[in-house]
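Thanks for coming. I will go through one structure this morning, a few places at a time, and leave the wider questions for afterwards.

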Amino acid sequence: MKSIFFKSLALSFIALSLWSCKKDETRAVANAGTGGSLKSSATSVVLDKSMLTTNVITFTLTNANFGYQAAVTNTLQLSPKGANFAADKTKEVIIDANVTTKSYNGLDFNNLLLSLNLSTAVNSDVEIRVKAAISNAVAPVYSNVVSISAKPFPLTSWVYVPGAYQGWNPATADSLVSITGNGIYTGIIKFDGGNFKVTTAKKWDVAYGDAGGGKLSTSGGDISSVSAGFKLLTVDLNANVYTIANADYWSIIGNAIPGSNWSVDTDLSPVNDGKNTWIGTVALTPGAFKFRRNHDWGTNIGDNGGDINVTVAGTYKLTLTLNADGKTGSYTMVKI
């Protein structure tokens, strides 16, 4: 009798254990999921350079429901209207965990719109939704779609620097760049020690000159480059002031460069595009060379620290792109 009792008790525990496991398993399985909601603070956004730091739009969202408590990754998706959120026409921004609002200032939202290749001449309709996901094993779900109308503006702008160093020709003058379009322009130019002016286009219609004390005026005289060499020129057309100072520069040196033999540098030219790029088109022969800063071996760039080898003679386009530290970088060498 005791044997039958203990067997029954054991079977009861086994059944209870199986029921408990089944219950736990049921709790751990997500359902198909229901998308959250998305709201926008505006249906039309006006963008211009005066609103770079101003909050222009805020998105408010609620989390999707997958049937149980899970870590949900929310991604804001933006796509031109009619593109149906095709992967190659959609910009995605991951929203930090537990964040229910996402705000953008004019600069950041303008950059988002520009990344969609929208027209800068007319307003475009943009559709926005939230993609919610918990794992690769479970299909993501999506919120409702909100639409806005907006027109991004070209952010990067340039001014030009005609002067004695290039024959006073605005059409071929070096440029200064403003990456954010905020009216402050910078660039490196190799001057000959002569004078220059600043124009807003590749013509003489508007030309800024020296008004004294580092100030600029459209009625000012020629601006002095102080001395020959590479100069960092900064022009602020908001305050109408400028500064000019000696700049770091880059060259190549090596026995692959005719006439160099590791003792004579060939200077590269700066590309004032905000990307820290230097270029040069040079004839090279079999041998080796390196990039170096300020004609000095203190800072140089090669292949993994070594020389850059040239095996075939020819004319090459060299492009050096510096990292933010101004000491390291990468290069390309294309035979033309």
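**Arginine 293 and its contacts**

I start with arginine 293, where a polar atom of the side chain lies 3.4 Å from the backbone oxygen of glycine 326. Before going on, please keep in mind that this is a predicted model. Arginine 293 is part of strand S24, which covers residues 287-293. Is this arginine buried or exposed? Arginine 293 has a relative accessibility of 18%, and because buried means under 20%, it counts as buried.

The side chain of arginine 293 also takes part in a salt bridge with aspartate 248, at 3.8 Å from N to O. Aspartate 248 sits in the loop between strand S19 (241-246) and strand S20 (250-253), so the two partners are distant parts of the chain, 45 residues apart. Unlike the buried arginine 293, aspartate 248 is partly exposed, at 41% relative accessible area.

**More salt bridges**

How many salt bridges does a search of the whole structure find? The search finds five, and I will show two more of them.

One is between aspartate 265 and arginine 292, with 2.7 Å from N to O. Aspartate 265 is in the loop between S20 and S21, and arginine 292 is in strand S24, so this salt bridge ties together parts that are 27 residues apart in sequence. Both aspartate 265 and arginine 292 are buried.

The other joins aspartate 267 to lysine 190, and their closest N and O atoms are 3.0 Å apart. Here too, distant parts of the chain are linked: aspartate 267 belongs to strand S21 (residues 266-267), lysine 190 to strand S12 (residues 184-192), and 77 residues separate them. Aspartate 267 is partly exposed, at 26% relative accessible area. Lysine 190 is partly exposed as well, at 43%.

**The loop between S20 and S21**

Let me stay with the loop that holds aspartate 265. Serine 263 is also in the loop between S20 and S21. With 54% relative accessibility, serine 263 counts as exposed. A polar atom of the serine 263 side chain lies 2.8 Å from the backbone oxygen of serine 260. For a sense of distance, serine 263 and phenylalanine 196 are 67 residues apart in sequence, and their C-alpha atoms are 32 Å apart in space.

Tryptophan 262 lies in this loop between S20 and S21 too. Its phi is near 65 degrees, a positive value in a residue other than glycine. Tryptophan 262 is partly exposed, at 28% relative accessibility.

A positive phi also turns up at tryptophan 168, where the value is about 55 degrees. Tryptophan 168 is in the loop between strand S10 (157-161) and S11, and at 31% relative accessibility it counts as partly exposed.

**Helix H2**

Now to a helix. Which residues of helix H2, residues 106-114, are buried? They are Gly106, Phe109, Asn110, Leu112 and Leu113. These buried residues cover an arc of only 155 degrees around the axis, which puts them on the same side of H2. As background, an α-helix has 3.6 residues a turn, so residues three or four places apart point the same way.

The N-terminal end of H2 is capped by asparagine 105, which has a side-chain oxygen 3.3 Å from the backbone nitrogen of leucine 107.

**Pocket and cavity**

Last, the empty space. Rolling a probe the size of a water molecule over the atoms shows where such space is left.

The largest pocket holds about 390 Å³ of space. Its lining has 24 residues, and those nearest its centre are Gly187, Ile188, Leu232, Asn272 and Asn276. The elements giving two or more residues to this lining are strand S11 (174-178), S12, strand S22 (269-271) and strand S23 (277-284). Which element gives the largest share? S12 does, with four residues. By type, the pocket lining divides into eleven nonpolar, ten polar and three charged residues.

As for closed spaces, the count comes to one cavity of 30 Å³ or more. The largest cavity has a volume of about 40 Å³. Among the residues that line this cavity are Gly36, Leu61, Asn74, Val130 and Ser143. Its lining divides into four nonpolar, six polar and no charged residues.

That is where I stop, and I will take questions.

Technical notes:
Residues are numbered from 1 along each chain as its sequence is written. This is a predicted model: local features need pLDDT of at least 70, side-chain atom pairs count only at pLDDT 80 or more; totals for chains, interfaces and linings use all residues. Side-chain values use heavy atoms; hydrogens and water are left out. Buried means under 20% relative accessible area, exposed over 50%, partly exposed in between (1.4 Å probe, protein chains only). The arc is that of the directions from the helix axis to the C-beta atoms. A polar contact is a pair of N or O atoms within 3.5 Å; within protein, one must be able to donate a hydrogen and the other to accept it, and residues adjacent in sequence count only if both atoms are side-chain atoms. A salt bridge is a side-chain nitrogen of Lys or Arg within 4 Å of a carboxyl oxygen of Asp or Glu. On a 1 Å grid over the protein atoms alone, a cavity is a set of points where a 1.4 Å probe fits but cannot get out, and a pocket is an open set with protein on both sides within 12 Å along at least five of seven lines; lining residues have an atom within 4 Å of a point. Grid points are joined across faces, edges and corners, and a volume is the space filled by probe spheres set on the points. Ala, Val, Leu, Ile, Met, Phe, Trp, Tyr, Cys and Pro count as nonpolar, Asp, Glu, Lys and Arg as charged, and the others, Gly among them, as polar.
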